[in-house]
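Here's a friendly walk through a structure you may not have met before. Have a look at the sequence and the 3D view, then read on.

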Amino acid sequence: MRVGVRRRVRAILLGAVGVLYLVSIPWYRAPGSEAPIAFGLPSWVAVALGCYLAVAVLNAAAWLLTDVPDESADEPDAGES
Amino acid sequence: MSFGELGTGALIVYLIGLAGVAELARRLRRDGSASDHFLASRDLGVFVLFLTLYATAYSGNSLLGYPGEAYRRGFSWIMATGFMMSIIVCFHILVPKLRPLAVRHRFVTPGDFVRFRFAGEPGADALRAAVAVLMAVALANFLFAQLKAMGEMAELVTDGIVTYELGVVVLAAMILVYETLGGMRAVAWTDAAQGVLMLVGLAALGTWLLVAAGGLEALTTSIRDVREEATFVPLATEQANWASTIVLLGLASIIYPQAIQRVYAARDGRTLKRSFALMTFMPLTTTLVVTLIGLAAIPRFAGLGEVEADRVMPLLLGEWAEVGPLYAAAAIAVFLGALAAIMSTADSVLLSLGSLLADDLLRGSDGQAAGADLGKKIAAGIMVAMVVVAMAARDVTLWGLIELKMELLIQCVPVFLVALHWRGLRARPALAGIAVGTAIAVAGLVFDAKRIGGVHIGVIGLCANLAVACVASRLSAYRPDSRSPV
């Protein structure tokens with residue numbers, strides 16, 4: 001995969017991870033309310049767990065697409081203004 | 001043979017094995033340099049690096065504190081799986097930029113980056129010292145938590161034959177021996193073995209608990225019968241705390257000195273990214289399991305107090321051991337796995353603490369490297385001090401200790417994450433930001449306002465810290481010399 005495409009796909013994956021984190025917190029449900037059981041868990045817990053499973057897969061893919069060079073190509077990033 | 005005698009025998013065999021690993025690592029050391037002692041000559045491969053990251057990340061806090069917190073809070077503690085995963089997500093901000101600099105400039109401690117990044121700037125030395133002090137306080141707190149957890153575990157696995165106090169002293173001495181003899185190499189190898197023990201043990205315990213409860217749905221129903229509110233959608237403040245904890249742990253954990261040093265210690269960038277790709281799944285096999293363990297304790301042990309709740313995992317293991325001899329052996333394996341995980345975190349913390357104090361606090365901006373010997377002596381002194389503290393202060397909740405250290409550690413975030421991505425950040429504004437953020441966090445802790453609307457005071461402090469550091473840097477008249485080596 002070309003470097004540019006790889007970086008774009010990685011950015012999309014990390015964006016999706018951010019969205020999944022937002023969805024994992026049940027802010028869209030009535031606080032303190034009872035929830036039906038889904039997959040053996042309260043439904044809001046099942047949603048959160050599903051989100052974290054997806055985060056694991058997407059984040060692992062993002063790491064495999066990440067360039068971690070052992071030589072510093074952009075040295076001025078540190079120290080110069 | 002009783003459960004306690006079996007546990008004591010297993011503990012002795014385990015400690016002898018650790019001593020053997022330390023001696024082997026000592027014989028294989030290449031030289032007495034700081035890089036060899038603290039970073040294993042920067043030669044950790046995927047398997048060892050992954051397991052050492054894993055065993056270091058999942059500590060006494062995770063194995064005793066998280067089940068305790070799941071017991072106290074109920075299903076909302078599913079957030080722990082999310083925030084442990086957020087650490088590996090947040091490493092994306094740090095690793096691709098820091099790693100190449102670390103290789104090129106031979107960084108050993110976190111302060112080496114600060115020294116390099118702000119070289120020649122007014123206030124750079126004070127900034128490095130402030131970062132080192134905050135990190136040292138966080139690490140000392142972390143070490144204290146591990147020692148406390150080690151003592152508890154040793155007392156339980158031996159059924160009281162080894163008391164809490166004796167456990168703390170003997171295990172702390174053991175860590176000192178193998179860390180001093182073998183450095184990062186011994187720590188990483190023992191971490192690897194300890195990581196495997198922990199994985200297998202937790203998988204076995206989690207399976208037993210689910211089978212014994214009659215499945216996940218039966219477990220949820222039994223929790224609802226005993227404590228209905230544990231299954232309800234969390235209140236708004238709890239949800240704000242959920243988001244705040246993801247930010248707090250995600251950002252603060254990646255600047256743990258021992259985490260940064262593992263980024264330095266990897267063999268190459270490819271090894272590092274593969275290790276992180278594997279690590280992202282570990283909250284599902286560890287944090288989720290310990291959360292289920294804490295939840296399974298709700299219907300089994302009603303009415304445990306705040307501090308007692310940290311003992312739910314050992315209590316469950318005790319019940320497991322009573323089922324039969326095979327289960328007793330399995331329970332001891334889990335006990336040892338947990339103890340091993342706690343020791344592996346303590347040894348990593350101690351190693352980092354020694355190097356941090358020797359190199360970042362006691363060395364000047366242009367001084368010679370302090371070397372491994374001073375680091376070892378400082379580490380030994382701190383260990384002795386923390387052993388005394390652990391024996392005097394047993395009644396503190398582990399989660400309370402985690403939050404305390406994270407509130408302080410997160411104030412170092414701009415000096416690493418912003419400095420890596422924004423050239424404009426200057427030393428004095430960054431120092432002012434740390435001062436403001438830390439003052440807010442400490443005031444919140446002192447005046448018992450640890451959370452505002454569920455948001456951690458340290459996260460609020462970080463926002464003020466970032467604002468001061470960035471705005472003041474923009475306004476700063478200082479511009480580095482373009483001929484400067486950095």
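Let's start at Phe113(B), which is found in helix α6 of chain B. This is a predicted model, so everything below describes that prediction.

Is Phe113(B) buried or exposed? With 0% relative accessibility, Phe113(B) counts as buried, because the cut-off for buried is under 20%. Leaving aside residues up to four places away in sequence, Phe113(B) touches Leu98(B), Leu101(B), Phe107(B), Tyr264(B), Val415(B), Phe416(B), Ala419(B) and Leu420(B). Take Ala419(B) from that list: Phe113(B) and Ala419(B) sit 306 residues apart in sequence, yet their C-alpha atoms are 9.8 Å apart in space.

Now zoom out to the helix around Phe113(B). How many residues of α6(B) are buried? Eight of its eight, so the helix is mostly covered. Those buried residues are Pro110(B), Gly111(B), Asp112(B), Phe113(B), Val114(B), Arg115(B), Phe116(B) and Arg117(B). And what does the covering? The cover includes α5, α7 (124–157), α11 (257–265), α16 (325–361) and α19 (413–421) of chain B.

Next, a look at backbone angles. Most residues other than glycine have a negative phi. Chain B has a couple of residues worth checking against that, and here they are side by side.

| Residue | Phi | Loop in chain B | Relative accessibility |
|---|---|---|---|
| Arg106(B) | positive, about 55 degrees | between α5 (79–105) and α6 (110–117) | 51%, exposed |
| Asp448(B) | positive, about 55 degrees | between α20 (427–446) and β1 (451–452) | 61%, exposed |

Neither Arg106(B) nor Asp448(B) is a glycine. Why does Arg106(B) count as exposed? Because its relative accessibility is 51%, and exposed means over 50%. Asp448(B) counts as exposed for its 61%. Arg106(B) also ties back to where we began, as its loop runs between α5 and α6 of chain B.

Time to meet chain A. It has two helices and two strands, and from the N terminus on they run in the order α-β-β-α. Of the 81 residues in chain A, 43% are buried. Among contacts in chain A with a separation of 6 or more, 67% are between residues 24 or more positions apart. The accessible surface of chain A comes to about 4,000 Å², and 69% of that belongs to carbon and sulfur atoms.

Finally, how do the two chains meet? The contact takes 49 residues from chain A and 57 residues from chain B. Between them, chain A and chain B bury about 4,800 Å², with 65% of that on carbon and sulfur atoms. The rule finds zero salt bridges across this interface, but 17 residue pairs in polar contact, both residues at pLDDT 80 or more.

Which elements of chain A give two or more residues to the side that touches chain B? They are α1 (3–24), β2 (41–42) and α2 (43–64). The largest share, 14 residues, comes from α2(A). Sorted by kind, the residues on that side of chain A divide into 30 nonpolar, nine polar and ten charged.

Notes. Residues numbered from 1 in each chain as written. Chains lettered and ligands numbered in written order. Predicted model: local features only at pLDDT ≥ 70, side-chain atom pairs only at ≥ 80, totals over all residues. Heavy atoms only, no water. Contact = heavy atoms within 4.5 Å. Buried area = accessible area lost by both parts, 1.4 Å probe. Salt bridge = Lys/Arg side-chain N within 4 Å of Asp/Glu carboxyl O. Polar contact = N/O pair within 3.5 Å; in protein donor to acceptor, adjacent residues only side chain to side chain. Helix = DSSP H or I, 4+ residues; strand = E, 2+ residues; numbered from the N terminus. Nonpolar A, V, L, I, M, F, W, Y, C, P; charged D, E, K, R; others polar. Buried < 20%, exposed > 50% of the residue type's maximum accessible area, 1.4 Å probe, protein only. Areas by Shrake-Rupley, 256 points an atom, 1.4 Å probe, with all protein chains shown as cover.
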